[in-house]
Amino acid sequence: QLEGTRFLKINFLVMSWTAFSLLTGAGNPTVSSKVFSTMSVIKSMALVLDPEKMTEKIFGVNVAGEEMAQSRSLSNMLGYTLLVHALLMLSLACGVDPNLAVGATTVAWAAMS
């Protein structure tokens, strides 16, 4: 039995499907990598836009209140980090040239900093 929030359970299943598909070639590895990357972009955008609400929804951790300000900040930073990596994964899954993908995500990271 899987433990955690509904989102984490879905994330685990999609991640497992993607890994299995990429390692074995079963199913459609291209589609699975695009689905996983898109899901990662959505999750990271949610953490960036509303870290307090989405940390509770995604991870099941309440970071409301003044005493949890540092946790909210870390959650926001996690969102930015995930966003850059998700954009890199998605661009590579869509067939973008690796040099261009890395350059674009580096510019995105610099713009978010």
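**Group meeting: a look at an all-helix chain**

Hi everyone, let me begin at one residue: leaving aside anything up to four places away in sequence, Ser37 is in contact with Ala86, Met89, Leu90 and Ala93. Before I go on, please keep in mind that this is a predicted model.

So where does Ser37 sit? Its place is in helix α2. And is Ser37 buried or exposed? With a relative accessibility of 2%, Ser37 counts as buried, because the cut-off for buried is under 20%.

Now let me step back to the whole chain. There are five helices and zero strands, and reading along the sequence you get α-α-α-α-α. If you like to think in boxes, the C-alpha atoms fill one of roughly 45 × 40 × 15 Å along the principal axes.

How much of the chain is buried? Of the 113 residues, 28% are, and Ser37 is one of the buried ones. The accessible surface of the chain is about 7,100 Å², and carbon and sulfur atoms hold 66% of that surface.

For those of you who like contact maps: take the contacts with a separation of 6 or more, and 52% of them join residues 24 or more positions apart.

A word on charges, too. The chain has 7 positive and 7 negative charges, and the mean positions of the two sets lie 10 Å apart.

Back to α2, which covers residues 29–49, and on to α3, residues 51–59. How do the two helices meet? Their axes come within 6 Å and cross at roughly 140 degrees. Angles over 145 degrees would count as roughly antiparallel, so α2 and α3 are oblique to each other.

Which residues make up that meeting? On the α2 side we have Lys43, Ala46, Leu47, Val48 and Leu49. Facing them from α3 are Pro51, Met54, Thr55, Ile58 and Phe59.

My last stop is Leu100, which belongs to helix α5, residues 98–112. Here the accessibility story goes the other way: Leu100 has a relative accessibility of 55% and counts as exposed, because exposed means over 50%. If you want a distance to check in your viewer, try Leu100 and Leu88. These two are 12 residues apart along the chain, and their C-alpha atoms are separated by 9.8 Å.

So, to leave you with two residues: Ser37 in α2 is buried at 2%, whereas Leu100 in α5 is exposed at 55%. Thanks, everyone, and I'm happy to take questions!

Key
Residues numbered from 1 in each chain as written. Predicted model: local features only at pLDDT ≥ 70, side-chain atom pairs only at ≥ 80, totals over all residues. Heavy atoms only, no water. Helix = DSSP H or I, 4+ residues; strand = E, 2+ residues; numbered from the N terminus. Buried < 20%, exposed > 50% of the residue type's maximum accessible area, 1.4 Å probe, protein only. Contact = heavy atoms within 4.5 Å. Areas by Shrake-Rupley, 256 points an atom, 1.4 Å probe, with all protein chains shown as cover. Lys, Arg positive; Asp, Glu negative; His and termini not counted. Charge placed at Lys NZ, Arg CZ, Asp CG, Glu CD. Axes fitted to C-alpha atoms, helices over the stretch in contact; angles between N-to-C directions. Parallel < 35°, antiparallel > 145°, perpendicular 65-115°, else oblique.
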